[in-house]
Amino acid sequence: MPSPVRTSAAGEGLRARRRRETEHAIHAAAVRLVEELGLAGVTVDMISAAAGISQRTFFNYFPSKESALTIGPPPLPDALHRRLAHGDPAPRVTLTELLDVLSAHITDDVVPDRELVQATFRIADRHPELRAALHARFDAFEEQVREAVAERMATAPADPRPRLLTGIALAVTRTALEQWSLGTAGDHASPEPDLRQCVDLLHTLMPKT
(Lines give C-alpha, C1' and ligand atoms only; values in the text may rest on other atoms or scores of the structure.)
Protein backbone atom coordinates (compact mmCIF):
# COMPACT_ATOMS: atom_id res chain seq x y z
CA MET A 1 0.00 0.00 0.00
CA PRO A 2 1.46 3.43 -0.94
CA SER A 3 2.60 5.64 1.91
CA PRO A 4 0.37 8.60 2.86
CA VAL A 5 3.11 11.05 1.88
CA ARG A 6 3.51 9.67 -1.63
CA THR A 7 -0.24 9.45 -2.11
CA SER A 8 -0.65 13.07 -1.01
CA ALA A 9 2.11 14.29 -3.31
CA ALA A 10 0.61 12.42 -6.25
CA GLY A 11 -2.80 13.85 -5.43
CA GLU A 12 -1.45 17.39 -5.31
CA GLY A 13 0.20 16.89 -8.69
CA LEU A 14 -3.01 15.56 -10.21
CA ARG A 15 -5.08 18.38 -8.74
CA ALA A 16 -2.65 20.99 -10.06
CA ARG A 17 -2.78 19.47 -13.53
CA ARG A 18 -6.58 19.30 -13.52
CA ARG A 19 -6.69 22.94 -12.49
CA ARG A 20 -4.42 23.88 -15.37
CA GLU A 21 -6.56 21.84 -17.77
CA THR A 22 -9.74 23.60 -16.60
CA GLU A 23 -8.04 26.99 -16.85
CA HIS A 24 -6.92 26.10 -20.37
CA ALA A 25 -10.46 25.01 -21.35
CA ILE A 26 -11.92 28.31 -20.11
CA HIS A 27 -9.28 30.30 -21.95
CA ALA A 28 -9.82 28.34 -25.16
CA ALA A 29 -13.59 28.86 -24.98
CA ALA A 30 -13.16 32.59 -24.36
CA VAL A 31 -10.76 33.01 -27.27
CA ARG A 32 -12.95 31.06 -29.70
CA LEU A 33 -16.04 33.06 -28.77
CA VAL A 34 -14.30 36.44 -28.98
CA GLU A 35 -12.77 35.52 -32.34
CA GLU A 36 -16.28 34.72 -33.60
CA LEU A 37 -18.40 37.39 -31.89
CA GLY A 38 -16.03 40.14 -30.80
CA LEU A 39 -15.12 41.14 -27.26
CA ALA A 40 -18.30 43.15 -26.62
CA GLY A 41 -20.52 40.30 -27.81
CA VAL A 42 -19.23 37.73 -25.32
CA THR A 43 -20.29 37.29 -21.70
CA VAL A 44 -19.01 35.21 -18.80
CA ASP A 45 -22.18 33.07 -19.05
CA MET A 46 -21.37 32.28 -22.67
CA ILE A 47 -17.77 31.38 -21.88
CA SER A 48 -18.85 29.18 -18.97
CA ALA A 49 -21.38 27.31 -21.10
CA ALA A 50 -18.85 26.77 -23.89
CA ALA A 51 -16.29 25.44 -21.39
CA GLY A 52 -18.86 23.16 -19.75
CA ILE A 53 -18.59 24.75 -16.31
CA SER A 54 -20.74 26.87 -14.02
CA GLN A 55 -20.36 30.62 -13.71
CA ARG A 56 -19.25 30.05 -10.12
CA THR A 57 -16.45 27.80 -11.33
CA PHE A 58 -15.43 30.43 -13.88
CA PHE A 59 -14.95 33.00 -11.11
CA ASN A 60 -12.87 30.50 -9.14
CA TYR A 61 -10.35 30.80 -11.98
CA PHE A 62 -10.75 34.29 -13.44
CA PRO A 63 -12.19 37.57 -12.11
CA SER A 64 -13.47 38.69 -15.55
CA LYS A 65 -13.80 37.67 -19.18
CA GLU A 66 -10.83 39.91 -20.00
CA SER A 67 -8.58 38.01 -17.60
CA ALA A 68 -9.64 34.70 -19.20
CA LEU A 69 -8.34 36.00 -22.52
CA THR A 70 -4.91 36.97 -21.25
CA ILE A 71 -3.49 33.99 -19.40
CA GLY A 72 0.28 33.90 -19.39
CA PRO A 73 2.87 31.42 -18.20
CA PRO A 74 1.79 29.73 -14.95
CA PRO A 75 4.09 30.18 -11.94
CA LEU A 76 7.02 27.82 -11.74
CA PRO A 77 6.06 24.76 -9.69
CA ASP A 78 8.05 24.22 -6.51
CA ALA A 79 10.22 21.45 -8.01
CA LEU A 80 11.36 23.59 -10.94
CA HIS A 81 11.82 26.63 -8.71
CA ARG A 82 14.11 24.63 -6.42
CA ARG A 83 16.01 23.24 -9.39
CA LEU A 84 16.59 26.75 -10.71
CA ALA A 85 17.37 28.38 -7.35
CA HIS A 86 20.05 25.85 -6.36
CA GLY A 87 23.10 24.60 -8.20
CA ASP A 88 26.29 25.80 -9.82
CA PRO A 89 26.08 29.63 -9.90
CA ALA A 90 28.47 30.04 -12.86
CA PRO A 91 26.66 32.22 -15.46
CA ARG A 92 27.02 29.74 -18.33
CA VAL A 93 25.81 26.82 -16.22
CA THR A 94 22.98 28.93 -14.80
CA LEU A 95 21.82 29.95 -18.27
CA THR A 96 21.84 26.35 -19.48
CA GLU A 97 19.84 25.24 -16.43
CA LEU A 98 17.45 28.15 -16.89
CA LEU A 99 16.75 27.19 -20.49
CA ASP A 100 16.18 23.57 -19.45
CA VAL A 101 13.76 24.66 -16.70
CA LEU A 102 11.77 26.90 -19.04
CA SER A 103 11.59 24.12 -21.62
CA ALA A 104 10.37 21.64 -18.99
CA HIS A 105 7.85 24.17 -17.71
CA ILE A 106 6.32 24.62 -21.15
CA THR A 107 6.38 21.04 -22.40
CA ASP A 108 5.51 19.28 -19.12
CA ASP A 109 2.34 21.31 -18.61
CA VAL A 110 -0.74 21.48 -20.85
CA VAL A 111 0.74 21.45 -24.36
CA PRO A 112 -0.05 24.77 -26.07
CA ASP A 113 -2.35 24.82 -29.06
CA ARG A 114 -0.79 26.62 -32.03
CA GLU A 115 -4.02 28.18 -33.32
CA LEU A 116 -5.04 29.19 -29.81
CA VAL A 117 -1.72 30.97 -29.24
CA GLN A 118 -2.09 32.82 -32.54
CA ALA A 119 -5.69 33.81 -31.76
CA THR A 120 -4.77 35.03 -28.26
CA PHE A 121 -2.20 37.42 -29.68
CA ARG A 122 -4.54 38.57 -32.45
CA ILE A 123 -7.16 39.52 -29.87
CA ALA A 124 -4.58 41.28 -27.69
CA ASP A 125 -3.37 43.25 -30.70
CA ARG A 126 -6.91 44.51 -31.32
CA HIS A 127 -7.45 45.60 -27.72
CA PRO A 128 -4.69 47.67 -26.05
CA GLU A 129 -6.03 46.94 -22.56
CA LEU A 130 -5.73 43.20 -23.17
CA ARG A 131 -2.26 43.61 -24.63
CA ALA A 132 -1.18 45.48 -21.49
CA ALA A 133 -2.66 42.76 -19.25
CA LEU A 134 -0.92 40.04 -21.24
CA HIS A 135 2.41 41.82 -20.94
CA ALA A 136 1.87 42.26 -17.20
CA ARG A 137 1.41 38.50 -16.78
CA PHE A 138 4.63 37.79 -18.65
CA ASP A 139 6.42 40.45 -16.59
CA ALA A 140 5.27 38.80 -13.36
CA PHE A 141 6.57 35.44 -14.55
CA GLU A 142 9.89 37.00 -15.57
CA GLU A 143 10.26 38.53 -12.11
CA GLN A 144 9.65 35.15 -10.44
CA VAL A 145 12.31 33.53 -12.62
CA ARG A 146 14.77 36.39 -12.03
CA GLU A 147 14.37 36.05 -8.26
CA ALA A 148 15.17 32.32 -8.47
CA VAL A 149 18.28 33.04 -10.55
CA ALA A 150 19.38 35.73 -8.08
CA GLU A 151 18.96 33.25 -5.23
CA ARG A 152 21.07 30.70 -7.06
CA MET A 153 23.84 33.21 -7.77
CA ALA A 154 23.61 34.84 -4.33
CA THR A 155 23.87 38.27 -5.94
CA ALA A 156 23.52 41.75 -4.53
CA PRO A 157 20.33 43.62 -5.54
CA ALA A 158 22.23 45.83 -8.01
CA ASP A 159 23.95 42.91 -9.77
CA PRO A 160 22.67 42.89 -13.38
CA ARG A 161 23.52 39.25 -14.11
CA PRO A 162 20.24 37.61 -12.96
CA ARG A 163 18.17 40.07 -15.00
CA LEU A 164 20.43 39.67 -18.02
CA LEU A 165 20.44 35.86 -17.93
CA THR A 166 16.68 35.76 -17.38
CA GLY A 167 16.14 38.16 -20.28
CA ILE A 168 18.29 36.06 -22.61
CA ALA A 169 16.55 32.81 -21.66
CA LEU A 170 13.06 34.27 -22.03
CA ALA A 171 13.98 35.85 -25.37
CA VAL A 172 15.11 32.44 -26.62
CA THR A 173 11.90 30.87 -25.32
CA ARG A 174 9.70 33.55 -26.92
CA THR A 175 11.51 33.17 -30.24
CA ALA A 176 10.96 29.42 -30.16
CA LEU A 177 7.26 29.79 -29.32
CA GLU A 178 6.77 32.34 -32.09
CA GLN A 179 8.55 30.06 -34.54
CA TRP A 180 6.39 27.14 -33.42
CA SER A 181 3.12 29.11 -33.51
CA LEU A 182 3.82 30.24 -37.08
CA GLY A 183 4.96 26.79 -38.15
CA THR A 184 8.13 28.22 -39.73
CA ALA A 185 10.33 25.30 -38.64
CA GLY A 186 7.93 22.43 -39.27
CA ASP A 187 4.52 21.24 -38.17
CA HIS A 188 5.28 20.06 -34.62
CA ALA A 189 2.47 19.24 -32.20
CA SER A 190 4.67 20.50 -29.35
CA PRO A 191 7.03 23.52 -29.24
CA GLU A 192 9.80 21.36 -27.79
CA PRO A 193 11.69 20.80 -31.11
CA ASP A 194 11.68 24.56 -31.75
CA LEU A 195 12.94 25.20 -28.22
CA ARG A 196 15.76 22.72 -28.70
CA GLN A 197 16.68 24.31 -32.02
CA CYS A 198 16.81 27.80 -30.54
CA VAL A 199 18.80 26.63 -27.51
CA ASP A 200 21.30 24.89 -29.79
CA LEU A 201 21.60 28.06 -31.86
CA LEU A 202 22.29 30.11 -28.74
CA HIS A 203 25.07 27.73 -27.75
CA THR A 204 26.71 28.13 -31.17
CA LEU A 205 26.71 31.90 -30.60
CA MET A 206 28.36 31.48 -27.20
CA PRO A 207 31.42 29.27 -27.81
CA LYS A 208 33.23 28.10 -24.72
CA THR A 209 36.35 30.07 -23.87
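Contact here means heavy atoms within 4.5 Å. With that in hand, let's look at Arg146 in this predicted model. Arginine 146 sits in helix H8 and, once neighbours within four places in sequence are left aside, is in contact with Pro162, Arg163 and Thr166. Is arginine 146 buried or exposed? Its relative accessibility comes to 17%, and because buried means under 20% relative accessible area, arginine 146 counts as buried.

**The nonpolar cores**

Nonpolar side chains tend to be buried together in soluble globular proteins. In this model, the largest nonpolar core has 25 residues, and Leu76, Leu84, Leu98, Leu99, Leu102 and Val145 are the ones with the most contacts inside it. Which elements give two or more residues to this core? They are helix H5 (78-85), helix H6 (91-107), helix H8 (128-153), helix H9 (161-182) and helix H10 (192-205). H6 gives the most, with 7 residues.

Leucine 99 is a handy residue to click on: not counting residues up to four places away in sequence, leucine 99 touches Ala169, Val172, Arg196, Val199 and Leu202. There is also a second, separate core, made of 21 residues, with Leu33, Phe58, Tyr61 and Ile123 among them.

**Salt bridges**

Now for the charged pairs. Side chains of opposite charge can pair when their charged atoms come close. How many salt bridges are there? The count comes to 6, and the table lists some of them.

| Salt bridge | Closest N and O atoms |
|---|---|
| Arginine 122 with glutamate 35 | 2.6 Å |
| Arginine 83 with glutamate 97 | 2.7 Å |
| Aspartate 159 with arginine 161 | 3.0 Å |

The pair of arginine 122 and glutamate 35 links distant parts of the chain: arginine 122 is in helix H7 (residues 114-126) and glutamate 35 is in helix H1 (residues 4-37), 87 residues apart. Arginine 122 is partly exposed, at a relative accessible area of 38%, and glutamate 35 also counts as partly exposed, at 32% relative accessibility. This pair has company, too: Glu35, Arg122 and Arg126 are linked in a network of salt bridges.

The bridge between arginine 83 and glutamate 97 joins distant parts of the chain as well, with arginine 83 in helix H5 and glutamate 97 in helix H6, 14 residues apart. Arginine 83 has a relative accessible area of 34%, so it is partly exposed.

As for the remaining pair in the table, aspartate 159 counts as partly exposed at 22% relative accessibility, while arginine 161 is partly exposed with a relative accessible area of 36%.

Definitions and conventions:
Residues numbered from 1 in each chain as written. Predicted model: local features only at pLDDT ≥ 70, side-chain atom pairs only at ≥ 80, totals over all residues. Heavy atoms only, no water. Core = buried A, V, L, I, M, F, W, Y, C linked by side-chain atoms within 4.5 Å. Buried < 20%, exposed > 50% of the residue type's maximum accessible area, 1.4 Å probe, protein only. Helix = DSSP H or I, 4+ residues; strand = E, 2+ residues; numbered from the N terminus. Salt bridge = Lys/Arg side-chain N within 4 Å of Asp/Glu carboxyl O.
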